[in-house]
Amino acid sequence: MLAVPIRIVDQFSRFLQIIGQVILASMVLTITYDATMRYAFASPTSWSLEVNSFLLVYVAIMTAADVERRGEHIGITFLTEGFGEAGRRAVAVLVGLTGAAFCGILTWRGYLMAHDAWSYGERVSSAFGTPMWIPYAMLPIGFGALGLQFLLNMFREQPVGVGGADHV
């Protein structure tokens, strides 16, 4: 019953992760370029800090759903290791509901921020002038995907744990 939604959300999370990997490689190149221009030629870029700040937000937020899918978020397991199967299941449901609720709030607030920035034409006051709805839109997309992963991880046949995707 949940196999199709789980597969769709998992594929979307993986897609966001792949983009995050490409962005991380791009950040390495642009920061290296900026540092080289700054220290070797005394001519720093005007755009590198702004662009890489927004890309760092992408890497942190948009890839979190795939990390949750693979069970690689930081977890405290010393309490649950002593529980039986029913206790671990109850904790997993509590974590899933709490995580989904938290992400739901951030998704809603992020949507409001992105919508307001779009409506008012808000831009960064810099030479590059990035429209603020672009970085703000990462909040509802990233936290929405993370919230769905929290919910769907409660219904997986095999719990995702140490070892990550091998257990999915």
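W133 is partly exposed, since its relative accessible area is 33%. In this predicted model, W133 forms an aromatic pair with W118. The geometry of the pair is edge-to-face, with 5.1 Å from centre to centre and 80° between the planes. An angle over 60 degrees is what the edge-to-face class requires. W118 is itself exposed, at a relative accessible area of 56%. The pair connects distant parts of the chain, as W118 belongs to helix 4 and W133 to helix 5, 15 residues apart. A search of the whole structure finds three aromatic pairs, and the pair of W118 with W133 is one of them.

The two helices that carry these tryptophans also pack against each other. Helix 4 spans residues 85-120 and helix 5 spans residues 133-153. Their axes lie 7 Å apart and meet at an angle of about 160°. Helix 4 is therefore roughly antiparallel to helix 5, because angles over 145 degrees are classed in that way. The crossing of helix 4 and helix 5 is left-handed. As for the composition of this contact, its residues comprise 19 nonpolar and six polar ones, with no charged residue.

Charged residues come into view with the salt bridges. Side chains of opposite charge can pair when their charged atoms come close. With a cut-off of 4 Å between nitrogen and carboxyl oxygen, the count comes to five salt bridges.

One of these joins D66 to R14, with the closest N and O atoms 3.9 Å apart. D66 lies in helix 3 (residues 64-69) and R14 in helix 1 (residues 3-41), so this salt bridge ties together parts that are 52 residues apart in sequence. The two partners differ in their surroundings: D66 counts as buried because its relative accessibility is 0%, whereas R14, at 34%, counts as partly exposed.

Helix 1 also contains a salt bridge between D34 and R38, whose side chains meet at 3.4 Å, N to O. Because D34 and R38 are four residues apart in helix 1, about one helical turn separates them. D34 counts as buried at 11% relative accessibility, while R38 counts as partly exposed at 36%.

A further salt bridge is found in helix 4, where E85 pairs with R88 and the closest N and O atoms are 3.5 Å apart. E85 and R88 are three residues apart in helix 4, which means that they too are separated by about one helical turn. E85 counts as exposed, with a relative accessibility of 53%, and R88 counts as partly exposed, with 37%. Elsewhere, salt bridges that share partners join R14, D66, R69 and R70 into one network.

The last feature concerns the backbone. Most residues other than glycine have a negative phi. A42 has a positive phi of about 50°, although it is not a glycine. A42 lies in the loop between helix 1 and helix 2 (48-61). A42 counts as exposed because its relative accessibility is 65%.

Technical notes
Residues are numbered from 1 along each chain as its sequence is written. This is a predicted model: local features need pLDDT of at least 70, side-chain atom pairs count only at pLDDT 80 or more; totals for chains, interfaces and linings use all residues. Side-chain values use heavy atoms; hydrogens and water are left out. Axes are lines fitted to C-alpha atoms, for helices over the stretch in contact, and angles run from 0 to 180 degrees between N-to-C directions. Helices (H or I, at least four residues) and strands (E, at least two) are DSSP runs, numbered from the N terminus. Angles under 35 degrees count as roughly parallel, over 145 as roughly antiparallel, 65 to 115 as roughly perpendicular and the rest as oblique. A crossing is left-handed if the near helix is turned anticlockwise from the far one by less than a right angle, and right-handed if clockwise. Ala, Val, Leu, Ile, Met, Phe, Trp, Tyr, Cys and Pro count as nonpolar, Asp, Glu, Lys and Arg as charged, and the others, Gly among them, as polar. Buried means under 20% relative accessible area, exposed over 50%, partly exposed in between (1.4 Å probe, protein chains only). Rings of Phe, Tyr and Trp (its six-membered ring) pair if their centres lie within 6.5 Å; planes under 30 degrees apart count as stacked, over 60 as edge-to-face and the rest as tilted.
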